[in-house]
Structure formats: C-alpha cells, structure tokens
Amino acid sequence: MVTSQSVSASFAPQKILLIKLRHHGDMLLTTPVIEALRQRYPQASIDVLLYKETLPMLQAHPHIRQLRFIDRKWKNEGTLAHLRHEAALLRAIRREGFDLVINLADQWRSAIITAFSGAPVRIGFAYNKRRSIFWRQAHTHLVSTSNHSQLHTVEQNLAALQPLNIATTGFAAAMHYSESDWQHTQTALAQNQVTRPYIVIQPTSRWVFKCWEDEKVAGLIAALASDQIDIVLTAAPDKKELAMIEHILSLCPGKAISLAGKLTLPQLASLIDHARLFIGVDSAPMHMAAALDTPCIALFGPTKLKQWRPWGDNNRVIWAGDYAPLPSPDSINTNTETRYLAAIPLDDVVKAARDFLND
C-alpha cells in the first residue's frame, strides 16, 4: 500500500539527507531534486549519500553541505573491516539527526540506512520488487512508481517530493566545477595547440552496444574539422575506450586531438562548458553537456530513450531506431560487441552538427 499523505505544511527540516546509489549519470540527474529542496527549504543543509566513485559529479555543487559515501571496495578488505565501515556510516548518519531523508535508491541497503537514520520524515518509492513489511516500515511515506515508465529519470526523482507538496516540474540539472578545474583544462588545451573554438566529441562508453562505428566517428571529424574550429576527443581512462580513441585518430590523422583519460570529471565539465558543441553517445558526459546547456547532439541506440534522453532544451537526439529495428532495451546483453548505432547515417549527424554551428 502506498502512503500518499502529505507532511504537515509547517514541516521545516533543518537537515536533509538525499540517498542515491547508482552510476555517474544518475547522480547528475539528482541535481534537480537538490535545487527543488533548496528553494523550498532555504534554511536547511543538504547532504548526499552516494557511491565513492561518483563523488566527482557532485563535489563542486554549491548547495550540498557534505557528501557521504559508500566505497564498494570496502568488501575487498574482508568481512570484519567491511562491517566496521558500514557500522561507522550508520552511526554517523544517526548521530547527525536528519529531519528528512529522501531515498531515491532501490537497494535494501538504502532502506536500512533510511530506517536507521531516525529521521521523522523518510520518503522512498513503492517499488514493486520491494513489497515487504521492512521496506514499508523503513519509510514514513512511499510514492507510487506506477507511471515511472512514462517519465524521464529527472521526473522520476522529482516525484519523490510529492509528499512535501513541492512542485515537480521546472527544475534543471546542474554540473559544477571549480575555477582550478578550468585552469587545468585550459593548460591541457594550450599544450595541444587548441587555440580556436572547439567541438567536444565523446564517442566511447563502457558498453560497446552504445557506441557508433569508429569509421563514422572519423568521418564526422573529417567533415567538421576546419581552419575555424578544432575537434577534441574525450573518453574515460579505460583501456578499451582509449584503444577506440586511438583507432579513430588513426582513421583521420591530424584532424583532432585527444584529451581522452586526461581529465577528471569536473575538468571534463569545464571543457564541455566552453565548447561550441558536444557530440556524444549515451553517457555521463552527454548528461553533463545537457546540464551545462552546451549545444548537444546525443546518439542513442537501444536505451530507454524516454528515461535517459538529455534533460534540457539545447540538444538534439539522433536515435538509431528511426533508421532500423532495435531490440528491446531490457533484452540487451550488455557485454555484446554489436554496435546498434551503426544504423545512424554519417550525413545526418554532420548535418545536425552544422545546423548547431550555424545558429
């Protein structure tokens, strides 16, 4: 049973904890919730609990007091040490005395933390897979997920604010970085003789099925490179992704420079923020570009487009499903080497890029 009643209109939390335990892009898409909470409760401090590896996505956010983290490597230290870390986290959260905990996660661990917090208001989602007495008792309010398949991830997250009578529309995502991040990036650009306006292209993903063909990426670079604009390639510091970048560069020698694996995520954000255009596959940098309001062309394959399209207005999605049949996203073997984006024609991406550049 979904608990739908609202909290008292006089409720004015001083300390808020937001929980989300997912990937980098997921963390960026929680920022509209942070903004909504800040506007509704300007007097409150806001902490976020997340996985340690995703800290860079929120570390420069000006409206977060503290980032608390779970390190997934704790389990490598042995059972006893792992339990000590978990217990220390629970004690710290309990000791903080949060007034409001919003659990955007679907893991049992997040429910345990929510329950143990002792917060008088504890909001979560009524996930079908979590229909249990414990899940209900861990939260004071549960919000229905019946329409989640029709909502963007940002809208899903904002739906958690319904018991607080906070508007769930009109909030943008945000990616922040420091001035030192931009200074570092400027130095990297200068060292690679990038002195003109530039386009950022992120052709890689941890999952090959989300990638376009290397030959088409090289063709895109060749078509857009000119005396007026530079091309900068980016990727994560992963061996497979870096190898893909090297192969692309070999197909269009001298047409682009690579900062792949050389920037932290906040530094990458600063790079994207100052770009004329971002072109990339479904990835965290794509969400960063949308959040930074950099003109963005997002190439999508068999991903749940409604949930994961770039959030904002200054973007265009080119979906492989408009050119060829695609398998259901739920049926994808994430280890497949099939590049479903191959259906996207090079000419259409080139045209979309030139349309943005000529605006």
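In this predicted model, the second largest pocket has a volume of about 190 Å³. Thirteen residues line the second largest pocket, and those closest to its centre are Arg206, Trp207, Val208, Lys240 and Glu337. When the lining of this pocket is divided by class, 6 residues are charged, 4 are polar and 3 are nonpolar.

A search of the whole structure for enclosed space returned 1 cavity of 30 Å³ or more, and the volume of the largest cavity is about 50 Å³. The lining of the largest cavity consists of Ile201, Gln202, Pro203, Trp212, Val217, Leu220, Ile279, Gly280, Val281 and Leu299. Two or more of these residues come from each of β7 (198-202), α8 and β10 (277-281), with β10 giving the most, namely 3 residues. By class, the lining of the largest cavity comprises 8 nonpolar and 2 polar residues, with no charged residue.

Helix α8 (residues 214-224), which contributes to the lining of the largest cavity, also packs against another helix, since its axis comes within 10 Å of the axis of helix α13 (residues 346-358), the two crossing at roughly 35°. The crossing of α8 with α13 is right-handed. On the α8 side, the contact involves Lys216, Gly219, Leu220, Ala223 and Leu224, and these meet Leu346, Val349, Val350, Ala353 and Arg354 in α13. By class, this contact has 7 nonpolar residues, together with 1 polar and 2 charged residues. Leu220 thus appears both among the α8 residues that meet α13 and in the lining of the largest cavity.

Conventions. Residues numbered from 1 in each chain as written. Predicted model: local features only at pLDDT ≥ 70, side-chain atom pairs only at ≥ 80, totals over all residues. Heavy atoms only, no water. 1 Å grid on protein atoms, 1.4 Å probe; cavity = no way out; pocket = protein on both sides within 12 Å on 5 of 7 lines; lining within 4 Å. Points joined across faces, edges and corners; volume = space filled by probe spheres on them. Nonpolar A, V, L, I, M, F, W, Y, C, P; charged D, E, K, R; others polar. Axes fitted to C-alpha atoms, helices over the stretch in contact; angles between N-to-C directions. Helix = DSSP H or I, 4+ residues; strand = E, 2+ residues; numbered from the N terminus. Left-handed = near helix turned anticlockwise from the far one by under 90°. Contact = heavy atoms within 4.5 Å.
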